[in-house]
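Subject: Structure for you to look at, with notes

Dear colleague,

I am handing over the structure we spoke about, together with some notes on what was found in it. Please have it open while you read.

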Amino acid sequence: MPTFRTLDEADLAGKRVLVRVDLNVPMDEGRVTDDTRIQAILPTIRAITEKGGKAILLSHFGRPKGRDASQSLAPVAAAVGERLGAPVAFAGDCIGSDAEAAVSTLAPGAVLVLENTRFHAGEEKNAADFVQQLAALGDIYVNDAFSAAHRAHASTEGLAHKLPAFAGRSMQKELEALAKALEAPQRPVLAVVGGAKVSSKLELLGNLTAKVDILVIGGGMANTFLAAKGVKVGKSLCEHDLADTARQIIATAASHGCEIVLPVDAVVTKTFAAHAEHRVVPVDQVAEDEMILDAGPATVALVKEKLKGAKTVVWNGPFGAFELPPFDAATVAVAKAVAEATKAGVLLSVAGGGDTVAALNHAGAAGDFSYVSTAGGAFLEWLEGKQLPGVEALRR
């Protein structure tokens, strides 16, 4: 049994169900340009409506400073209806008379979207009076927005203490995937951490060295570790002032029995541009006027060899400047190797973070990973070992 309450335990028939979702979707001229987050919440909406519950959706949109028509959820509500294939009502506010009237006329099995919660300052302040006004609209609370679970806001955390609270289908799927990856994983566990800077992932690296068996470091942050070991990295992105920190992470990893894998060769260039003239060199042969933009083929072969013995992979961040071909080669090659092993049933793979999702999609590998989180900040905080307020509020 999971440590958090799920929809399977909720009595939904005839109940007003306040569902925190993430409808903060990309828009262009009033049209949704990426409906990934809408598709993710459809199973929860259907689970409620098919049991005769009244699904009342709460979400933020953008970063408005008070009421702002350009940040309204009205066009998003229409898009939810299109994807759901059923009518979806909309209320011009998330509290007060407009919201109360819309909820009061809602029939069992119907769906309603309430206006942007961030039109009210009480949302981000998790203000008691705002929480109370939201709670008055429902009988049950369901959180299906893992992507907002790292925020202790009224609609993500406050409501869970006022009403019987449950995880939605998307939230449940995410939490179960993450638990399998780090909380109770099959070992050995291999983590891939890439990206530009060590400084942005210090807590992440610190947590992973104590939890994984192999830590593969790529991207710009690998240059900082190489420099800390005395390797000259030329004009590469590198935080030389964090050399002591990098050495401390290496020492901490060793004390936990965690093997750190760094690039052994690199793709270097003098120009940061797609299809720039480049060459492959061992990492200790980077010229002063060159920059590392990707890991080389020997590094890819090394990582693939480490993957052969792994049972679980956690991935955050690319190996190189994957947006600029041919400096996407290492990311694509390793992503495909992880995807193939996952597809063959010998590996559980969980990935997340904005650049990571884009990189895996670019590699055509995301669909074959066990789970790819689109949660961004919440996924990163989970990797860092932090408690997420929206998740903790759902625990038994």
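The largest nonpolar core has 77 residues, and those with the most contacts inside it are Leu 114, Phe 146, Leu 205, Leu 208, Leu 215 and Trp 382. Helix α6 (residues 169-183) gives the largest share of this core, six residues. A nonpolar core here is a set of buried Ala, Val, Leu, Ile, Met, Phe, Trp, Tyr and Cys residues joined through side-chain atoms within 4.5 Å, and buried means under 20% relative accessible area, exposed over 50% and partly exposed in between, with a 1.4 Å probe and protein chains only. Apart from this core lies another, of 29 residues, including Val 21, Ala 47, Val 76 and Val 80.

Please keep in mind that this is a predicted model, in which local features need pLDDT of at least 70 and side-chain atom pairs count only at pLDDT 80 or more, while totals for chains, interfaces and linings use all residues. Residues are numbered from 1 along each chain as its sequence is written, and side-chain values use heavy atoms, with hydrogens and water left out. Helices (H or I, at least four residues) and strands (E, at least two) are DSSP runs numbered from the N terminus, and contact means heavy atoms within 4.5 Å.

To return to the core, Leu 205 touches Val 193, Val 198, Leu 215, Ile 217, Met 221, Phe 225 and Ile 249, not counting residues up to four places away in sequence.

Phe 225 and Ile 249 also take part in a helix pair, since they are among the residues through which α8 and α9 make their contact. The axes of helix α8 (residues 219-228) and helix α9 (residues 243-255) come within 8 Å and cross at roughly 90 degrees, which makes α8 roughly perpendicular to α9. The axes are lines fitted to C-alpha atoms, for helices over the stretch in contact, and angles run from 0 to 180 degrees between N-to-C directions; those under 35 degrees count as roughly parallel, over 145 as roughly antiparallel, 65 to 115 as roughly perpendicular and the rest as oblique.

In the loop between α8 and α9 lies Leu 237, which is partly exposed at a relative accessible area of 44%. With residues up to four places away in sequence left out, Leu 237 touches Ala 196, Gly 220 and Asn 223.

A second helix pair is formed by α10 (residues 297-308) and α11 (residues 329-343), which pack at an angle of about 15 degrees with their axes 10 Å apart, and the two are therefore roughly parallel to each other. Their contact is made by Val 300, Val 303, Lys 304 and Leu 307 of α10 and by Ala 330, Ala 333, Val 334, Ala 337 and Val 338 of α11.

Turning to α2 (74-84), its buried residues are Val 76, Ala 77, Ala 79, Val 80, Gly 81 and Leu 84, and they pack against β2 (27-28), β3 (31-32), α1 (36-49), β4, β5 (89-91) and β6 (111-114). Just after α2, Gly 85 takes a positive phi of about 75 degrees. Gln 71 is found in the loop between β4 (54-58) and α2 and is buried, with a relative accessible area of 18%.

Lastly, Ala 358 lies in helix α12 (residues 354-363) and counts as partly exposed at 37% relative accessibility.

With best wishes
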